[in-house]
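Visitor: Hello! Could you walk me through the cysteines and the nonpolar packing here?
Guide: Gladly, let's take a look together.

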Amino acid sequence: MVVYVSREQTSVNMVLLTTKFVQRASLFVSFGGLVTTIITTFLPLWKTMNSDLNEMENWYEGLWHMCIYTEEVGIHCKAFESFLALPLDTLASRVLMCISIATGFLGVAAAFFGLQGVEIGTGRERMKRTLLILGGVFIVVSGITTLAPVSLMAYIMVVKFWDENLPDVMPRWEYGEAMFSAWFAGLLLVVGGTFLFVAVCMGDHEAKLQSKILARNQEQRSRTQHYRKTEII
């Protein structure tokens with residue numbers, strides 16, 4: 001018995017493998033962005049300041065703590081005492097980063113249950129497709145809410161750094177390592193969520209190809225049955 005495999009069937013298998021790969025790669029990138037966002041949120045390295053008058057001291061400020069580093073004592077951190085007394089940019093950044101973590105968790109969880117190969121929801125392709133779209137939306141929102149606060153703080157720091165009304169001797173805040181980490185995390189989340197949408201489109205294309213192949217196979221079967229009936233007659 002000889003089995004012929006058409007080019008369309010081969011392309012369907014290739015698309016199937018590519019769809020699974022894109023789904024898992026997108027989830028992996030999104031999870032990495034979420035972990036980086038969580039770590040960055042609690043790092044006290046969003047702002048850094050070094051005074052020319054006292055080069056032995058370095059000041060660091062995050063969303064939750066302010067730290068000072070001296071060679072004699074080392075690093076000493078203190079949490080902000082009042083939530084309402086925070087600067088507006090720090091308060092907004094803290095709220096947005098918490099929203100980013102929450103939406104990131106929801107997006108990664110929804111995308112995980114929507115993956116092909118996960119037994120939960122097997123046979124419910126429409127539900128899995130909806131979960132992938134919902135996960136992509138949540139992950140993209142998480143990325144945007146990560147990029148927004150760090151970009152806001154960066155803009156405010158640049159404006160204050162070049163403020164001509166301040167004396168040159170006064171120290172100014174500069175970018176800390178956590179800000180670059182937040183930009184990287186937000187970019188990972190946006191890319192991961194976007195490629196989840198790409199995986200959904202690839203899955204839709206795969207389903208259309210499979211439906212066409214099934215329709216063609218049924219047509220060929222009906223023709224063969226018709227020919228057999230004609231030969232019998």
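Visitor: How many disulfides does the structure hold?
Guide: Keep in mind that this is a predicted model. Cys-67 and Cys-77 have their sulfur atoms 1.9 Å apart, and a pair within 2.5 Å counts as a disulfide. The total for the structure is one disulfide.

Visitor: Which strands do Cys-67 and Cys-77 sit in?
Guide: The two cysteines are ten residues apart and link distant parts of the chain. Cys-67 belongs to residues 65–70 and Cys-77 to residues 74–79, which are strands E3 and E4.

Visitor: What is the handedness of the disulfide of Cys-67 and Cys-77?
Guide: Look at the torsion about the S-S bond, which is about 105°. With that torsion, the disulfide of Cys-67 and Cys-77 is right-handed.

Visitor: Is Cys-201 buried or exposed?
Guide: Buried means under 20% relative accessible area and exposed means over 50%. Cys-67, at 1%, is buried, while Cys-98, at 37%, is partly exposed. Cys-201 has a relative accessible area of 54%, so Cys-201 is exposed.

Visitor: Which helix gives the most to the largest nonpolar core?
Guide: That core has eleven residues, including Leu-27, Leu-34, Val-108 and Leu-189. Helices H1 (7–41), H2 (88–113), H3 (125–161) and H4 (177–232) each supply at least two of its residues. With three residues, the helix that gives the most is H4.

Visitor: Leaving aside neighbours within four places in sequence, which residues is Leu-34 in contact with?
Guide: Leu-34 is itself part of the largest nonpolar core. Beyond those sequence neighbours, its contacts are Ile-101, Gly-104, Phe-105, Val-108 and Leu-189.

Terms used. Residues are numbered from 1 along each chain as its sequence is written. This is a predicted model: local features need pLDDT of at least 70, side-chain atom pairs count only at pLDDT 80 or more; totals for chains, interfaces and linings use all residues. Side-chain values use heavy atoms; hydrogens and water are left out. Helices (H or I, at least four residues) and strands (E, at least two) are DSSP runs, numbered from the N terminus. Buried means under 20% relative accessible area, exposed over 50%, partly exposed in between (1.4 Å probe, protein chains only). A nonpolar core is a set of buried Ala, Val, Leu, Ile, Met, Phe, Trp, Tyr and Cys residues joined through side-chain atoms within 4.5 Å. Contact means heavy atoms within 4.5 Å.
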